[in-house]
Amino acid sequence: MSLEVAWFLLVGVLIAGYAILDGFDLGAGMLHLFVARGDGERRQIVNAIGPVWDGNEVWLLTGGGALFAAFPRVYATVFSGLYLALMLVVTALILRAVSLEFRGRLDSPGWRRGWDVVFAVSSFLPSLLFGVAVGNIVRGLPLDAEGEFAGTFVGLLNPFALVTGLFSVAMFLTQGAAWLQLKTGGVVRERVLSAGRAAWTAWVVLYVALTAFSRVAAPRSWEAPPVPAWLAPLLFLGAAAATRAMWGRGARSTAFLFSSAAVAMAVATLGAAIFPNLVPALGDPARSLTVGNASSSPLTLRVMLIVALAGMPIVLGYTAFIYSRFAGPVALDEHSY
Amino acid sequence: MDAVWLARLQFSLTVMFHFLFPPISIGLGFLVFLLETARWRTGRDVYRRASDFWLKLFAINFAVGVATGIVMEFEFGTNWAGYSRFVGDIFGAPLAAEGVFAFFLESGFLGLLLLGRKRISSFVRWFAAAMVSLGTVLSAFWILVANSWMQTPDGYRVEGGRALLTDFGAAVFNPSTLPRFAHTLSASLCMGAFLMAGICSWLYLKGRGSDAARVSLRLAVVAAFAGCAFVFVSGDRHARQVAHTQQAKFAAMEGLYSTQKGAPLILFSLPPTQQGPREGPEIVITNLTSALAFGNFQAPIRGLQDFPADQWPPVAVTFLSFHNMVIVGNLMALVALAGLVLLLARKLETARWWQRVAIAAVPLPMIAIQLGWTTAEVGRQPWIVYGLLRTKDAVSKVVAAPAILFSIILFSAIYLCLGGLWLFLLGREIAHGPDIGTRPDAAGEDRHVA
């Protein structure tokens, strides 16, 4: 495997890691207004993600850094092209971080309710916009001869991208529900389960709809797939079905593993749809940014591969340790949020 | 208003606001680590209470630092796409390494330290504090690698309009990385120490000086003095490096226009201009700049007139920010020295005049740090990568001025609220103090103090 392809996969792994981990944070943020009533129940939700959300968000920062390091032209084109959308995402992520951190610092109900709403909205907006961005990339971005974005903000709000946005909202809602079932109890968990089932249905239906829609809206994503075209969808549907089945049996931990696998397969579907492009160009395929023409030099890719292979196992090791310290339903103490 | 100017405004606004917080995290993180070490080794409860208190402040500060840091990670691509294309082969790697080696470490272990204290042993708690502090230091290292490469690029060749990596070690340890890393860490230690000293002084003046305030105050005074000493040593080393590697910037910092042997040190003058020095009262020491920069009173130093005018940085801003940084640094050293003398004379807890000074001195390191970064970044102009790429050629061509203006307004509004909330929440925690609201709970106590 060439270094460029290895980095295509590694960036994909970072995106999948982000979608699995911060996906449940974002999902919990969107769900909490609906599944938790009163401050005590809300605190269960906030503390279900409290110790880990910040580390989960680092997957996004590292993914951004890795994209910059491995495929600088993609980083430059996509981030400058999707300027306004990204500014909104960043704004939402700022508000989300402070709403989590500041919510519990005052004992006033008004203060907490205010931050609860901010938390929900600022979890919803990135979930939607990440999907819109991905939808646009699968569909292809309008690029000029230099590989610069040549479209408009309004042009990004096309039907295919908007459906992808809804898909990612449904995905994170499902993933959030799968996580919260491990961390909550009693009536909250029952509400989470029924919300999770609704979100799951929307997620699977939207996956099928998007796949069909892409035949029309992104026909190039069906050409020359790197793996058999049915593979990722099959694995996705299998993992999603297993999630639902495990919920039915009350096997909540297994269900969370399956929903995480389904999220990873959704990201894999994306990768299979665009490979060997990172950004397919709308119209003229010769303008596309590919693993070949957008990557860094072999030396940089090799150095970064060493950094990733040396660093990430350590990260995964202590992350697993930290998660294990917080295993089981939320128990509030005086240090909690 | 043109897009280049707006993009620069946006970057300076977001980066200056962001960098209010990391020095506090680095400095306070290290001081918490020292308190945790004392707690772990001695098992005395006073260290636990002190550490718990400073951790609360650390957490509020860290949250704002992270929130405002997210912007920075994306801003190179959104606003500086030309730059990203030119340097991506080199600049992206330290950013990714910062994520892998630093961000995961500090955020992961901070979560454990803040919310999992009851679930971990005394040793793991100490270890988590050590990892949080290490994470902040590694983060500073990698981001300074990236920024130092913009100041003194090394280990690269330019080909097809891109800088390509040829030697990773040389790019990481380019001529300015280590001097700037040392200078930034010592300034951050000052920041944490002055903040701690100011807060403890306030507690004493309010008659709430307790054992936790006492150990913190003593630690802070020693750290402030050590920090100031390191700031001077590393600052001297850094300035000599600039004199060797960024001569136009150095000339602007010192306000030197003509190339001369035995260049004087200007202690005070009216701000110089892009046209030349301004006539007026000044205090200069002959030959001293040559001596400080090159260790020789007669060493020649190139003045700005040796460089084409289109390669001059904005002289007045570079000169003023540098000189005022030095002045503020000297004030800090005086405060720290007085504190150390009082500590040795065992009068620190009763010297109310010094405690008032220490409260007033809390913003000093923050001001000095902002001025120092202004010197570094404005002095680098008109280059974004020194000598290789001009700032005006580095912006995103596809982002129009109104879009940048919109985001500037958006961020200004949010940052104003964030800054206010940060002050308000810090103020609340400080008012609670280290000893009010701590419930000696038996279960936690046994484990922690064992």
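**Exercise 1. Find what covers the buried residues of H4(A) in this predicted model.**

Solution. Start with the cover: it includes helix H3 (53-70), helix H5 (83-103), strand E1 (277-279) and strand E2 (289-290) of chain A, together with H3 and H4 of chain B. Next, turn to the helix being covered. Helix H4 of chain A spans residues 72-81, and 10 of its 10 residues are buried. Among them you can pick out Arg73(A), Tyr75(A), Phe79(A) and Gly81(A).

**Exercise 2. Describe the side of chain B that touches chain A.**

Solution. Begin with the totals: chain B brings 55 residues to the contact and chain A brings 56. Then look for the elements of chain B that give two or more residues: helix H3 (45-79), helix H4 (81-115), strand E2 (162-165) and helix H14 (401-432). H4(B) gives the most, with 22 residues. Finally, sort this side by class, and you get 33 nonpolar, 13 polar and nine charged residues.

**Exercise 3. Work out how H1(A) and H6(A) are oriented to each other.**

Solution. Take the geometry to begin with: helix H1 (residues 3-35) and helix H6 (residues 109-139) of chain A pack at an angle of about 135°, with their axes 8 Å apart. Angles over 145 degrees would count as roughly antiparallel, and 65 to 115 as roughly perpendicular. The two helices are therefore oblique to each other. Now add the handedness: H1(A) passes H6(A) in a left-handed crossing. For the residues in contact, look at H1(A), including Leu26(A), Met30(A) and Leu33(A), and at H6(A), including Phe119(A), Ser123(A) and Pro126(A). By class, this contact has seven nonpolar, four polar and one charged residues.

Key:
Residues numbered from 1 in each chain as written. Chains lettered and ligands numbered in written order. Predicted model: local features only at pLDDT ≥ 70, side-chain atom pairs only at ≥ 80, totals over all residues. Contact = placed C-beta atoms within 7 Å. Helix = DSSP H or I, 4+ residues; strand = E, 2+ residues; numbered from the N terminus. Nonpolar A, V, L, I, M, F, W, Y, C, P; charged D, E, K, R; others polar. Axes fitted to C-alpha atoms, helices over the stretch in contact; angles between N-to-C directions. Parallel < 35°, antiparallel > 145°, perpendicular 65-115°, else oblique. Left-handed = near helix turned anticlockwise from the far one by under 90°. Buried ≥ 20, exposed ≤ 12 C-beta atoms within 10 Å, placed from the backbone.
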